[in-house]
Amino acid sequence: MKTLKEITLDKSKALILRPDGNHDTIDAQELRDRMDKPEGFRALQDIVGGSFEFVYLDNWILAVNENGLNRNLEPNQEACDYSGRYLVGDCLLIHRSYIR
């Protein structure tokens, strides 16, 4: 299992892990500000493609599609490596301090 200590992460950034191995980076505070609004959880839903759940990893959190297995989304090997769980679809890796 890959650990988060093996990569350099800037906690001010959130990382979208794609099943194809690509990444997108977004500003974590900007995402936090969007989530503070009444319909803010849609920001996370837009990223993971639907309803989400959290997987807790030390000081980091993975937001994952909670129905991804039922929807036959592609495996996300990098998210699996970090979490030790079988995860699918786009996943958001964000520092715990940005999720309340």
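Two strands pair if DSSP finds at least two bridges between them. Helices (H or I, at least four residues) and strands (E, at least two) are themselves DSSP runs, numbered from the N terminus. With that in hand, take strands β3 and β4. They run antiparallel and are joined by 6 bridges. One partnership to find is that of Glu53, whose bridge partner in β4 is Val64.

This is a predicted model, in which local features need pLDDT of at least 70, side-chain atom pairs count only at pLDDT 80 or more, and totals for chains, interfaces and linings use all residues. Residues are numbered from 1 along each chain as its sequence is written, and side-chain values use heavy atoms, with hydrogens and water left out.

Stay with the hairpin. β3 and β4 have 2 residues between them. Asp58 sits in the loop that connects these strands. Its phi is near 45 degrees, a positive value in a residue other than glycine. Burial is judged by relative accessible area: buried means under 20%, exposed over 50%, and partly exposed in between (1.4 Å probe, protein chains only). Asp58 has 69%, so it is exposed. Asn72 offers another case of positive phi, about 55 degrees, and it is not a glycine either. Look for Asn72 in the loop between β4 and α3 (77-83). Its relative accessible area is 67%, so Asn72 too counts as exposed.

Now for the aromatic rings. Rings of Phe, Tyr and Trp (its six-membered ring) pair if their centres lie within 6.5 Å; planes under 30 degrees apart count as stacked, over 60 as edge-to-face and the rest as tilted. The whole structure holds 3 such pairs. In one of them, the ring centres of Phe41 and Phe52 are 5.3 Å apart and the planes stand at 45 degrees, so this pair is tilted. It links distant parts of the chain: Phe41 belongs to helix α2 and Phe52 to strand β3 (residues 52-57), 11 residues apart. Phe41 is partly exposed, at 44% relative accessible area. Phe52 is buried, at 15%. Phe52 also pairs with Phe54, again tilted, with 5.5 Å from centre to centre and 50 degrees between the planes. Phe54 is partly exposed at 22%. Phe41, Phe52, Phe54 and Tyr56 make up one aromatic cluster.

Helix α1 comes next. At its N-terminal end, Asp27 acts as a cap: a side-chain oxygen lies 3.1 Å from the backbone nitrogen of Gln29. Further along, the buried residues of α1 are Ala28, Leu31, Arg32 and Met35. They cover an arc of only 100 degrees around the axis, which puts them on the same side of α1. The arc is that of the directions from the helix axis to the C-beta atoms. An α-helix has 3.6 residues a turn, so residues three or four places apart point the same way. The buried residues of α1 pack against β1, β2 (23-27), α2 and β5.

Arg32 deserves a closer look. It is buried, with a relative accessibility of 6%. Its side chain reaches the backbone oxygen of Tyr98 at 2.8 Å. That is a polar contact (a pair of N or O atoms within 3.5 Å; within protein, one must be able to donate a hydrogen and the other to accept it, and residues adjacent in sequence count only if both atoms are side-chain atoms). Contact in general means heavy atoms within 4.5 Å. Beyond four places in sequence, Arg32 is in contact with Tyr98, Ile99 and Arg100.

Follow that lead to Ile99. This residue lies in the segment after β5 (91-95) and is buried at 13%. Leaving out residues up to four places away, Ile99 touches Arg32, Met35, Phe54, Ile61 and Ile94.

Last, the nonpolar cores. A nonpolar core is a set of buried Ala, Val, Leu, Ile, Met, Phe, Trp, Tyr and Cys residues joined through side-chain atoms within 4.5 Å. The largest has 16 residues, and Leu31, Met35, Leu44, Ile47, Leu92 and Ile94 have the most contacts inside it. The elements giving two or more residues to this core are β1 (13-17), α1 (28-35), α2 (41-48), β4 (60-65) and β5. The most come from α2, with 4 residues. Apart from this core lies another, of 13 residues, including Leu17, Val55, Leu87 and Cys91.
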